[in-house]
Every structure is written in structure tokens, then in C-alpha cells.
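The exercises below are meant to be worked with the sequence and the coordinates open side by side. Each one sets a task and then follows it through step by step.

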Amino acid sequence: MILIDGKATAVAIKEEIAQEVRRIIAGGGKRPHLAAILVGHDGGSETYVANKVKACEECGFESTLIRYEDDVTEKELLDKVQELNEDDTVDGFIVQLPLPKHINEQKIVEAIDYRKDVDGFTPINVGRLAIGLPCFVSATPKGILELLRRYNIPTSGKHCVIIGRSNIVGKPMAQLMLQKIYADSTVTICHSHTENLKDICHSADILIAAIGRPAFVTADMVKPGATVIDVGTTRVPDASRKSGFRLQGDVDFDSVAPLCSHITPVPGGVGPMTISMLMQNTLLAARKNW
Ligand code: NAP
């Protein structure tokens, strides 16, 4: 069994990006610039955005953090999105989700110019992904594909089973695995109403779990020799930790790992890849190769 080290891979990718930025600057080019809009003071969002700003520094990007209090109006946010769309000094930007209840998230996302939508959440990027056009791909599924590639895991013609059909993980993951230009696999998507879930999972060469149910995937669901990718990150109480919790994946790691050819741990697997893929998308945005 090979443990897929997402942490080390993410560090290597950020170093590759930093090298590319040094080349751009040496050639007289401009530093890629990522902006982030953060509303309110939610602990999780604060941490994610702080990590994104730190990753920008590591990659040699310029970053701008735009903060609003919880009582920001939808109009103020839409105006800021429009301003960033038109600001030539900003290559890409994100609006950290979730937003407060009084704001229509979808309306904000749809206002983002798809050429600056480095999260890959706008309908235009989702549609472009579906028909195989150049686009920004949602960072978590993009990171998983990158791990499969860097670990030389065969995907073409293989059966990939994805559990979970969210817009940010399951569905874009299915598109990446399906398309010839990406993974070229045969894809099955499962969800909470799927019948014979165990049998379907057991037929997978590559099993990707993105459901948010701790230790849901057990050894009897995994074919010997399969690759298992665990996207789940659920906080479970753990009195032995200073924080009082630990992150638990969707896979029952101890029973499943011995069966696998490759497996991602939680933490240290898919999670660290997500921000490095956001950095890759920002570099792509800066190249403006549309
Ligand atoms: P989500 O929007 O909550 O969707 C969960 C999906 O799992 C839904 O499609 C749901 O089916 C399906 N599901 C739930 N219970 C199931 C069951 N018993 N059997 C089969 N399918 C079931 O989730 P998400 O946003 O994709 O996130 C999934 C997990 O990944 C979470 O733990 C999240 O924290 C984690 N995550 C990690 C990263 C990272 O960077 N590591 C990034 C994003 C998400 P229905 O559609 O039928 O409801």
C-alpha cells in the first residue's frame, strides 16, 4: 500500500509555481495577483482565507484581502465584484463562502467574470468544464486529479466510483474523471439514494468518497488493489487534543488501507492540495490564455 502524501505534493507544487513566478518577473512580467473577499468573522472562513494569503506569499503572488462585516448588503458585494472584474491589476479573485443568510450566494457567484473565477464556481466555468473547454476547475477535484497523475495511478478505462454529488466536489470530480482530456475513466456517481452502494463501490478501481460521514467506507466496500481517495473532513470530538477535536475522513482508514494500492490519509491527503490548486488557477488567470 502506498500512502499518498498530499502535504508534500502541495509543497512541491507551490515551489514549482514560485519558480514560474520568478521566471515571469525576470522576463519583465507582472506578479500574479489574487484578491479575496471575506465577509464576517467565521472561524473556519478566517482560517481558510489566512491560509490562502500565506500560500500567495509562498508562491510570490500579490494578494489583497477585502473584508466586510456581517451586515454588508448584497448591493455592496455586487458592486465590489464588478469593480474587481474591471480591475486589470487583479488576475483572479474569490468570494469566501458561506455568505450571511441575507445575501444570495448564487447571485454573487454568477456576477464574477469567469476569466477571473479561480474557484471555478461560476456556471460558465462549470459548463466549459463539461464540454472540455479551457476553464478554471474547482480546486479540490483538481487537486485529486493532480495526485492521481503525480502518483502515476492509471485512470484511462478504469472504473471510478465517486460517492457524493455536490457542486464543488462530486460533480466536477465526475467531469474530470470522465473526460478523455483528463482521466478518461468510466464513472459512476453515488449519493444518499443510491441502491446497492456497497456492490458499486466494490467494483471501483478508484473510489473517491466525498460525503462528510466519518468512516463511512469500510473494508467490505473496497476491491483489493483499489485506489481510495478520502475527501471527507469531519470534526469529531477528541479529548486528547488541545483543540478538543480531530479531523476524520469518510474512509475507515485502518481497515481499508491494507487492501489498497494507494490511499490518501486525513489529514494530509486531499486537504493540503486544495489551496495549491487555487494558486495554480491564479497563475493560469495571470497568463490570460483565453
Ligand atoms: P455535501 O455538499 O454535504 O454533499 C454530500 C454528498 O454526500 C451529497 O451528494 C449526499 O447525497 C452524499 N451523501 C451523504 N450521505 C450519504 C450516504 N449515506 N450515502 C451516500 N451518499 C451520501 O458535501 P461536500 O461539500 O462535497 O463535502 C463532502 C466532504 O468533503 C465533507 O466532509 C467536506 O468537509 C469535505 N471537503 C473537503 C475538502 C478538502 O479540501 N479536503 C473540500 C471540500 C469538501 P445527496 O446528494 O443525496 O444528499
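The radius of gyration used here is taken over C-alpha atoms, and the globule rule is 2.2 Å times the number of residues to the power 0.38. The model is predicted, and every value below is computed from it.

**Exercise 1. Overall form**

Task: Decide what the radius of gyration of the protein chain says when it is set beside the globule rule, and describe how the chain fills space.

Solution: Begin with the rule, by which a compact globule with 290 residues would have a radius of gyration near 19 Å; the protein chain has 19 Å, so the two agree. Next, take the extent along the principal axes, where the C-alpha atoms fill a box of roughly 55 × 45 × 35 Å. Then turn to the interior: 48% of the 290 residues count as buried, while the chain exposes about 13900 Å², of which carbon and sulfur atoms supply 53%. Finally, consider the contacts with a separation of 6 or more, 71% of which are accounted for by residues 24 or more positions apart. The secondary structure that makes up this chain comes to 10 helices and 11 strands.

**Exercise 2. The ligand and its shell**

Task: Establish which residues are closest to the ligand, and where polar side-chain or backbone atoms approach it.

Solution: The ligand is surrounded by 18 residues, and the closest are R165, S166, S192, T233 and T274. Sorted by class, this shell has 6 nonpolar, 10 polar and 2 charged residues. For the individual atom pairs, a polar contact requires N or O atoms within 3.5 Å. A polar side-chain atom of S166 lies 2.5 Å from an oxygen atom of the ligand, and a polar side-chain atom of R213 lies 3.3 Å from a nitrogen atom of the ligand. From V231 the partner is a polar backbone atom, 3.4 Å from an oxygen atom of the ligand. As for the surface, the ligand taken alone exposes 930 Å², and the protein buries 71% of that.

**Exercise 3. Two residues in contact across helices**

Task: Is M273 buried or exposed, and which residues does M273 touch beyond its sequence neighbours?

Solution: First place M273, which is found in helix α10 (residues 271-287). Its relative accessibility is 0%, and M273 therefore counts as buried, given that buried means under 20%. Leaving aside neighbours within four places in sequence, M273 is in contact with G6, T9, A10, I13, G143, E146 and L147. Now follow one of these partners, T9, which lies in helix α1 (residues 6-26) and is likewise buried, because its relative accessible area is 8%. Under the same exclusion of neighbours, T9 is in contact with L147, R150, Y151 and M273, so that the pair T9 and M273 can be read from either end by the contact cut-off of 4.5 Å.

**Exercise 4. A helix and its surroundings**

Task: Find which residues of helix α7 are buried, and what those residues pack against.

Solution: In α7, which covers residues 170-178, the buried residues are G170, P172, M173, A174, L176 and M177. These pack against two helices, α5 (123-130) and α6 (139-150), and against the strands β5 (159-163), β6 (186-190) and β7 (206-209).

**Exercise 5. Unusual backbone values**

Task: Locate the cis peptide bonds at P98 and P267, and describe the residues N152 and A215, whose phi is positive.

Solution: The background is that most residues other than glycine have a negative phi, and most peptide bonds are trans. Against this, a cis peptide bond joins L97 and P98, with omega about 5°, and P98 is found in the loop between β4 (92-95) and α4 (105-111). The peptide bond from V266 to P267 is also cis, with omega near -5°, and P267 lies in the loop between β11 (262-263) and α10. Turning to phi, the value for N152 is near 50°; N152 sits in the loop between α6 and β5 and is exposed, with a relative accessible area of 66%. For A215, phi is near 55°; A215 is found in the loop between β7 and β8 (227-230) and is partly exposed, with a relative accessible area of 28%.

Conventions: Residues are numbered from 1 along each chain as its sequence is written. This is a predicted model: local features need pLDDT of at least 70, side-chain atom pairs count only at pLDDT 80 or more; totals for chains, interfaces and linings use all residues. Side-chain values use heavy atoms; hydrogens and water are left out. A residue is near a molecule or strand if one of its heavy atoms lies within 4 Å of it. A polar contact is a pair of N or O atoms within 3.5 Å; within protein, one must be able to donate a hydrogen and the other to accept it, and residues adjacent in sequence count only if both atoms are side-chain atoms. Accessible areas come from the Shrake-Rupley method with a 1.4 Å probe; for residues, only the protein chains shown count as cover. Ala, Val, Leu, Ile, Met, Phe, Trp, Tyr, Cys and Pro count as nonpolar, Asp, Glu, Lys and Arg as charged, and the others, Gly among them, as polar. Helices (H or I, at least four residues) and strands (E, at least two) are DSSP runs, numbered from the N terminus. Buried means under 20% relative accessible area, exposed over 50%, partly exposed in between (1.4 Å probe, protein chains only).
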